[in-house]
Amino acid sequence: MQRKVFNLGDIVEMKKPHPCGTNAWKVIRMGMDIRMKCTGCGHSVLLPRSRFEKRMKRVLIPAESNGDENSRPGSL
Ligand SMILES: [Zn+2]
């Protein structure tokens, strides 16, 4: 299985949408665990990295193109 690539600030799609109907999550913390936030209702979820990688389908919007200032050090 191919290892999934994702970065802080990416908007990702999961295999199952959030109960609110949105399936676009923003990665807001990376580490042993991944914290992601539903872009629809703002609910945030903490998942172990292995579980996150299993549930994630793909990156919808890479961090560098969605205007996240945290992912663009040096740009003012
Ligand atoms: Zn939601």
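In the predicted model, strands β1 and β5 run antiparallel and are joined by four bridges. Within this pairing, Ile-11 stands opposite Ile-61 of β5. The same region of the chain fold can be followed from Arg-58, a residue of strand β5. The C-alpha atoms of Arg-58 and Ile-11 are separated by 8.9 Å, although their positions lie 47 residues apart along the chain when counted as sequence separation. Contacts of Arg-58, residues up to four places away in sequence being left out, are made with Val-12 and Glu-13. Arg-58 counts as exposed because 11 C-beta neighbours are found inside 10 Å, and a residue with 12 or fewer such neighbours is placed in that class.

On the β2 side, β1 is joined by two bridges, again in the antiparallel sense. Here Val-12 stands opposite Trp-25 of β2. The loop between β1 and β2 contains Gly-21. This glycine is exposed, since 9 other C-beta atoms lie within 10 Å. The C-alpha atoms of Gly-21 and Cys-41 are 9.2 Å apart, with a separation of 20 residues along the chain.

These pairings belong to an open sheet of five strands, arranged in the order β4-β3-β2-β1-β5 with antiparallel pairing. The edges are formed by β4 (44-48) and β5 (56-61); each has a single partner strand, so one side of each is left without a neighbour in the sheet. From one strand to the next, the twist averages 40°. The edge strand β4 pairs with β3 in the antiparallel sense over five bridges. Within this pair, Pro-48 of β4 is the bridge partner of Asp-33.

With regard to the overall architecture, the protein comprises one helix and five strands. From the N terminus on, these elements follow the succession β-β-β-β-α-β. Of the contacts with a separation of 6 or more, 39% are accounted for by residues 24 or more positions apart. The protein has 76 residues, of which 16% count as buried.

The largest nonpolar core is made up of nine residues, namely Ile-11, Val-12, Trp-25, Val-27, Ile-34, Met-36, Cys-38, Phe-52 and Met-56. At least two residues of this core are supplied by each of β1 (11-14), β2 (25-29) and β3 (33-38). The greatest contribution is that of β3, which gives three residues. Ile-11 and Val-12 are thus listed among the core residues and also appear in the pairing of β1, Ile-11 opposite Ile-61 and Val-12 opposite Trp-25. Trp-25 is likewise a member of the core.

Met-36, another of the core residues, has contacts that can be listed individually. With residues up to four places away in sequence not counted, Met-36 touches Trp-25, Lys-26, Val-27, Ile-28, Ser-44 and Val-45. Among these partners, Trp-25 and Val-27 also belong to the largest nonpolar core.

Conventions: Residues numbered from 1 in each chain as written. Predicted model: local features only at pLDDT ≥ 70, side-chain atom pairs only at ≥ 80, totals over all residues. Core = buried A, V, L, I, M, F, W, Y, C linked by C-beta atoms within 7 Å. Buried ≥ 20, exposed ≤ 12 C-beta atoms within 10 Å, placed from the backbone. Contact = placed C-beta atoms within 7 Å. Pairing = 2+ DSSP bridges. Axes fitted to C-alpha atoms, helices over the stretch in contact; angles between N-to-C directions.
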